[in-house]
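Here is a short tour for anyone meeting this chain for the first time. Keep the 3D view open as you read.

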Amino acid sequence: MGEKKVLSMKNIVPLFIELLAGPKKMSELLNVIPNYMTIKSYVSELEKEGYVKTEEKFEGRKVIYVELTERGKVVAEALKKADWLANLPPEQIERFAQMKAFIHINSYEDHVTLKEVHLGQSRIVNVFVRPKGDTIYFYCDYDDSDDCEHVELMFADIELSDYLRGWLQKNGYHLAKKYQKYVDKYW
Ligand SMILES: [Zn+2]
């Protein structure tokens, strides 16, 4: 069926949000999709695309549990935050599904670690703060660059901005001119 189609299936948003609460028995998903055959086919498609995993347990009889994968959680969190999305046409939801998600993992003295999730792939990216004299430059170890989408995120993300502002308050550091475009755009 393919990833894009899966995310534009009817009632897929409430299904994701329901699963965000934790693993559910397949039968509990009848709350969201009132047809067991439809649920089974949805779960099977979602599992194929890596959004959920299933586990069979024997509780007197065979029970199938459905749980979001890490990738599924990223999508579900985003869908929940933007519940307006539930009312968008499928094409828009498809576009949303292709967006990159960034998760701020940790901040260190001289760098931050991000996890980037995009179309089921995830990678770790480190963005370093590299002062030259009193001027701050960045270095992204994934792009081997001092100006990329991860550097832009340092200005766009609230937590990362706080980290960066901490640097700017230290010893009168200032930003290299090339980053002024991000200050103008986000701050
Ligand atoms: Zn980068």
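## The five-stranded sheet

In what order do the five strands of the open sheet come? Going across, the order is β4-β5-β6-β7-β8, and the pairing is mixed. Keep in mind that this is a predicted model. At the edges of this sheet stand β4 (101-107) and β8, each with a single partner strand, so one side of each has no neighbour in the sheet. As a bit of background, strands of a sheet pair through backbone hydrogen bonds, either parallel or antiparallel.

Both kinds of pairing turn up around β7. On one side, β6 (residues 121-132) and β7 (residues 135-140) pair in the antiparallel sense, over six bridges. Look for F128, which stands opposite Y139 in β7, and for P131, which faces I136 in β7. The two strands make a hairpin with two residues between them, and G133 in that turn has a positive phi of about 65 degrees. On the other side, β7 and β8 (residues 174-175) run parallel, joined by two bridges. Here I136 turns up again, this time opposite L175 in β8.

## The helix lying across it

Now find α7, residues 158-169. This helix lies across β4, β5 (111-118), β6, β7 and β8, and runs at about 40 degrees to β4. Its 12 residues reach 16 Å from the first C-alpha to the last, close to the 16 Å expected at 1.5 Å a residue.

How many of the 12 residues of α7 are buried? The count is one, so to speak a helix that is hardly covered. Just after α7 comes N171, with a positive phi of about 50 degrees.

## The three-stranded sheet

There's another open sheet to look at, with three strands in the order β1-β3-β2 and antiparallel pairing. Its edge strands are β1 (24-25) and β2 (52-59), each of which pairs on one side only. Two bridges join β1 to β3 (residues 61-68), and those strands run antiparallel. One pair to pick out is K24, which stands opposite V66 in β3.

This sheet has a helix packed on it as well: α2 (residues 12-20), which touches β1, β2 and β3. The direction of α2 makes about 100 degrees with that of β3.

## What's packed inside

Which residues of the largest nonpolar core touch the most other members? Out of 19 residues, they are L15, F16, L19 and V52. At least two residues of this core come from each of α2, α3 (36-48), β3 and α4 (70-81), and α2 gives the most, with five. Try zooming in on F16: setting aside its neighbours within four places in sequence, F16 is in contact with V75, A76 and L79.

Apart from that core lies another one, made of 10 residues, including V112, F138, V151 and L153.

## The whole chain

Time to zoom out. The chain holds eight helices and eight strands. Of its 187 residues, 19% are buried. And if you take the contacts between residues at least 6 apart in sequence, 42% of them join residues at least 24 apart.

Note on methods: Residues are numbered from 1 along each chain as its sequence is written. This is a predicted model: local features need pLDDT of at least 70, side-chain atom pairs count only at pLDDT 80 or more; totals for chains, interfaces and linings use all residues. Two strands pair if DSSP finds at least two bridges between them. Helices (H or I, at least four residues) and strands (E, at least two) are DSSP runs, numbered from the N terminus. Two residues are in contact if their C-beta atoms, placed from the backbone, lie within 7 Å. Axes are lines fitted to C-alpha atoms, for helices over the stretch in contact, and angles run from 0 to 180 degrees between N-to-C directions. A nonpolar core is a set of buried Ala, Val, Leu, Ile, Met, Phe, Trp, Tyr and Cys residues joined through C-beta atoms within 7 Å. A residue is buried if 20 or more other C-beta atoms lie within 10 Å of its own, exposed if 12 or fewer, and partly exposed in between; C-beta atoms are placed from the backbone. The expected span of a helix is 1.5 Å times one less than its number of residues.
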